[in-house]
Amino acid sequence: MNQISHADSTQAEPFPIDRVREQFPALQQAGDFIFLDNAAGAQVPQCVLDAVQTHLIEFNVQRGGRYDRSLRVDTAMDEARTSTALLINASNPAEICFGMNATSFIRLVSLGIAQMLDERDEIVVTDMDHDANIATWTALENMGAKIVWWRMRDDGNLNVADLRPLVCERTRLVACTVAAHALGSIVDVAGVAAIAHEAGAEVFLDCVHYGPHALMDVQAWDCDYLVCSGYKNFSPHMGFLWGRFDALKQLPTFREEFIPDEPPYKVEAGTFIYENVSGLNAAIGYLESIGRDFLPHNNKTRRENIVSGMQRIRTYEKQLAAHMLNVLKDNGATIYGISEAERIDQRVPTFCFNIADLSPQKVVEEMAHAQIGIRDGHMYAPRLMKRLGLSMDRGAIRVSLLHYNTTDEIDRFDEALKKIIIKLS
């Protein structure tokens, strides 16, 4: 199997792609099928399956009881909270809240923010985000909020210089993505926070798409809220919310009267999927293992191993992105977003494109016949489609890679795309 031997600043060894792929049963059982629709959900390593199964077999009970199995649920949730805090560099595990998905958490926070609007009634949103991080905020217009639009530049990214004149003493919050789920563009969120906080506003980050690709660090970013989805980060379907403890403490939320008005319990209304949280904990352990076991020099702490592993993943994925970029250009694709090789650092390996006037749906169907899974459509981003001049019913094609993909798979995609272009032209 093809390996990329480019080294990052901390490791001189090639990325251990064979050892990585061995961890994923879906890849081992896929035969000729290639997973290139990873932005819609990642595959899970064996350790995640084991953790879910162990939970369901050994302690599939409600937490809060005095017997051993119930106590094990409490322990599992505490361990997952600690691991997730390490993953994103949160200062307090109590800032980690588990639930169904990122969208429901965005809605929960937005409804809480709506109850705290006063003279600060402006909320900044972007036209590059997933609609989950737009519609949840624009819905607050009926509750007195004023929506201010931060527009993507023609170069395919949000520029913080354009944000500065939009933020003022009336700004309550800036909501934006860390990496665009459709275009792959990475936003300077630390710069966003600096501008917002200077004006006394808060920052809400959608980290769903960025999470599996590079290191998350809420302290370095200096944000106030962040949401992430487990199923795009190598775990089962679930999501988590992080917020600064004092922000979560003040946030109005629905809770039953017997639930403490304290994070994280005030946020975790009802029973969520405990076994999937156990899976998330194992997925974080897998990422940690890349820094600890797959690389020649062990580190001392869990966070250091996570940092090392994610840096190695990021370096490898930039090479995948550069290769896919060359393939798309070679096939005459119109690439939406960042398309310059020298700007590869500003994106993750997710590409949205079209091929001349070929139907995106037909191209994706033909790819399916070639045993390659990619996606077409509006990518849940109607405002972005409008900005790109694309109709909602037609949309674009998206190919998205993760660190378990290979250059061999990109080459197969290239071969298939060439044949499809000939067939459909």
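This report describes two buried polar residues, a helix, the nonpolar cores and the salt bridges of the structure above.

The model is predicted: local features require pLDDT of at least 70 and side-chain atom pairs count only at pLDDT 80 or more, while totals for chains, interfaces and linings use all residues. Residues are numbered from 1 along each chain as its sequence is written, and side-chain values use heavy atoms, with hydrogens and water left out.

**Two loop residues**

K232 lies in the loop between β7 (225–229) and β8 (239–243); helices (H or I, at least four residues) and strands (E, at least two) are DSSP runs numbered from the N terminus. K232 is buried but has no salt bridge, and the nearest side chain of opposite charge, that of D206, is 7.7 Å away. Here buried means under 20% relative accessible area, exposed means over 50%, and partly exposed lies in between (1.4 Å probe, protein chains only). For charge, Lys and Arg count as positive and Asp and Glu as negative, with His and the chain ends not counted. A salt bridge requires a side-chain nitrogen of Lys or Arg within 4 Å of a carboxyl oxygen of Asp or Glu. The side chain of K232 does reach the backbone oxygen of A39, at 3.0 Å. Beyond its neighbours within four places in sequence, K232 is in contact (heavy atoms within 4.5 Å) with A39, A40, G41, A42, V208 and P212.

S185 is placed in the loop between β5 (171–177) and α8 (189–198). The relative accessible area of S185 is 0%, so this residue is buried. Its side chain reaches the backbone oxygen of G156 at 2.5 Å. Not counting residues up to four places away in sequence, S185 touches, among others, M128, N157, I338, Q346 and R347.

**Helix α12 and the cores**

Helix α12 (residues 302–330) has 29 residues, and at 1.5 Å a residue (times one less than the number of residues) it should span 42 Å; the end C-alpha atoms are 42 Å apart, which agrees. Just after α12, G332 takes a positive phi of about 75°.

A nonpolar core is a set of buried Ala, Val, Leu, Ile, Met, Phe, Trp, Tyr and Cys residues joined through side-chain atoms within 4.5 Å. The largest such core has 114 residues, and those with the most contacts inside it are I88, F98, Y210, W221, I374 and F413. Helix α12 supplies the largest share of this core, 10 residues. Apart from it lies another core of 27 residues, including A114, A175, V208 and L251.

**Salt bridges**

The structure holds 29 salt bridges. Three of them are listed below.

| Pair | Closest N to O distance |
|---|---|
| R21 and E409 | 3.3 Å |
| R244 and D246 | 2.4 Å |
| K318 and D345 | 3.1 Å |

R21 lies in helix α1 (residues 17–21) and E409 in helix α15 (residues 407–424), so their pairing ties together parts 388 residues apart in sequence. R21 is buried at 11% relative accessibility, and E409 is buried at 9%.

D345 and K318 also link distant parts of the chain, 27 residues apart: D345 is in the loop between β9 (334–336) and β10 (350–354), and K318 is in helix α12. D345 counts as exposed at 51% relative accessibility, whereas K318 is partly exposed at 23%.

Salt bridges that share partners join R172, E202, D224, R244 and D246 into one network. Within it, R244 is partly exposed at 23%, and D246 is partly exposed at 41%.

Key
Polar contact = N/O pair within 3.5 Å; in protein donor to acceptor, adjacent residues only side chain to side chain.
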